[in-house]
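User: Please take a close look at the sheet in this model and at what is packed around it. I should like one connected account, covering the loops as well.

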Amino acid sequence: MAEIKDPENTIIMTLKGGDVIIQLLPDVAPAHTARMKELARAGKYDNVCFHRVIDGFMAQTGDVANGNMEDNFNIGRAGTGGSDLPDLPAEFSKIPHARGSLGAARSANPNSANSQFFINFKDNDFLNGQYTVYGQVISGMEHVDAIVRGEPPMNPDRMISVKVAADV
């Protein structure tokens with residue numbers, strides 16, 4: 001496991017294969033970083049499925065309204081919601097959408113990100129400057145690579161738990 005230098009801005013996401021350690025970028029995207037920590041601390045990401053997983057592109061999750069596989073789950077609705085918190089303004093930067101980067105999912109409106117996010121399987125430079133980057137996987141990318149593919153997957157994988165490292 002990678003050395004955690006900033007536990008307050010590090011996420012531990014437990015998947016079926018093991019832990020994925022994500023270093024958040026509070027200096028680059030403070031609102032998105034704060035939102036992820038708030039939802040993680042409230043347990044909102046626990047048991048949420050990966051509802052859109054495209055081979056060679058990315059794995060999307062984070063629909064806390066419709067994606068919890070333990071609470072009235074319907075895969076057809078997963079990916080259509082967010083949290084009960086307001087949408088976030090875009091925090092675009094020069095940080096590239098590189099392999100393992102965490103990007104804020106949104107609608108066509110750049111200021112519509114809420115709780116959903118994606119992890120890039122490879123460098124996706126065509127997303128640069130169009131989606132907020134607010135984290136980077138520093139350990140456990142092999143577990144992200146193993147997530148079941150599909151739009152949506154027939155039997156989706158889930159985030160078993162998502163915690164802020166400072167709280168563990």
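Analyst: A nonpolar core is understood here as a set of buried Ala, Val, Leu, Ile, Met, Phe, Trp, Tyr and Cys residues joined through side-chain atoms within 4.5 Å. A residue counts as buried when its relative accessible area is under 20%. The model itself is predicted.

By that criterion, the largest nonpolar core contains 30 residues, and the members with the most contacts inside it are Met13, Tyr45, Phe117 and Met159. A second core, separate from it, has 6 residues, among them Ile54, Phe57, Met58 and Ala105.

The sheet is open and consists of 9 strands in the order E8-E3-E4-E6-E5-E7-E2-E1-E9, paired in the antiparallel sense. Its edges are formed by strand E8 (158–159) and strand E9 (161–164), each of which pairs on one side only. Helix H1 (residues 30–41) packs on this sheet and touches strand E1 (10–15), strand E2 (18–24), E5, strand E6 (117–120), E7 and E9. The direction of H1 makes about 120° with that of E9.

Strand E1 deserves separate attention. Of its 6 residues, 5 are buried, so E1 is largely enclosed by the rest of the structure. On one pairing, E1 and E2 run antiparallel and are joined by 6 bridges; the two strands form a hairpin with 2 residues between them. Within this pairing, Leu15 has Gly18 of E2 as its bridge partner. E1 also pairs with E9, again in the antiparallel sense, over 4 bridges. Here Met13 is matched with Val162 of E9, and Met13 is also one of the residues with the most contacts inside the largest core.

Elsewhere in the sheet, strand E5 (residues 101–104) and strand E7 (residues 133–139) run antiparallel and are joined by 3 bridges. Leu102 has Gly135 in E7 as its bridge partner.

Leu102 leads to the next site, since Thr132 is in contact with it. Thr132 belongs to the loop between E6 and E7. Its relative accessible area is 3%, which means that Thr132 is buried. Beyond its neighbours within four places in sequence, the contacts of Thr132 are Ala29, His32, Ala90, Glu91, Phe92, His97, Leu102, Gly103 and Ala104. With Glu91 there is a polar approach as well: a polar atom of the Thr132 side chain lies 2.9 Å from the backbone nitrogen of Glu91. A distance of 9.8 Å separates the C-alpha atoms of Thr132 and Asn111, which are 21 residues apart along the chain.

A further loop site is Asn68, between strand E4 (58–61) and E5. Asn68 counts as buried because its relative accessibility is 19%, and the limit is under 20%. The side chain of Asn68 reaches the backbone nitrogen of Glu70 at 2.8 Å. Apart from residues up to four places away in sequence, Asn68 touches Asp46, Asn47, Val48, Asp63 and Phe73.

Asn47, one of those contacts, lies in the loop between H1 and strand E3 (48–54). The phi of Asn47 is positive, near 70°, although the residue is not a glycine. Asn47 is partly exposed, at a relative accessible area of 21%. Asn72, in the loop between E4 and E5, likewise has a positive phi without being a glycine, at about 50°. With a relative accessible area of 77%, Asn72 is exposed.

One peptide bond also merits mention: Glu151 and Pro152 are joined in the cis form, with omega about 0°. Pro152 lies in the loop between helix H2 (141–145) and the edge strand E8.

As for annotation, UniProt, in an unreviewed entry, places the feature "domain: PPIase cyclophilin-type" at residues 18–168. In the model that span is 11% helix and 26% strand, and its end C-alpha atoms lie 16 Å apart.

Methods. Residues numbered from 1 in each chain as written. Predicted model: local features only at pLDDT ≥ 70, side-chain atom pairs only at ≥ 80, totals over all residues. Heavy atoms only, no water. Pairing = 2+ DSSP bridges. Contact = heavy atoms within 4.5 Å. Axes fitted to C-alpha atoms, helices over the stretch in contact; angles between N-to-C directions. Buried < 20%, exposed > 50% of the residue type's maximum accessible area, 1.4 Å probe, protein only. Polar contact = N/O pair within 3.5 Å; in protein donor to acceptor, adjacent residues only side chain to side chain. UniProt positions renumbered as here; feature names shortened; annotations may be inferred.
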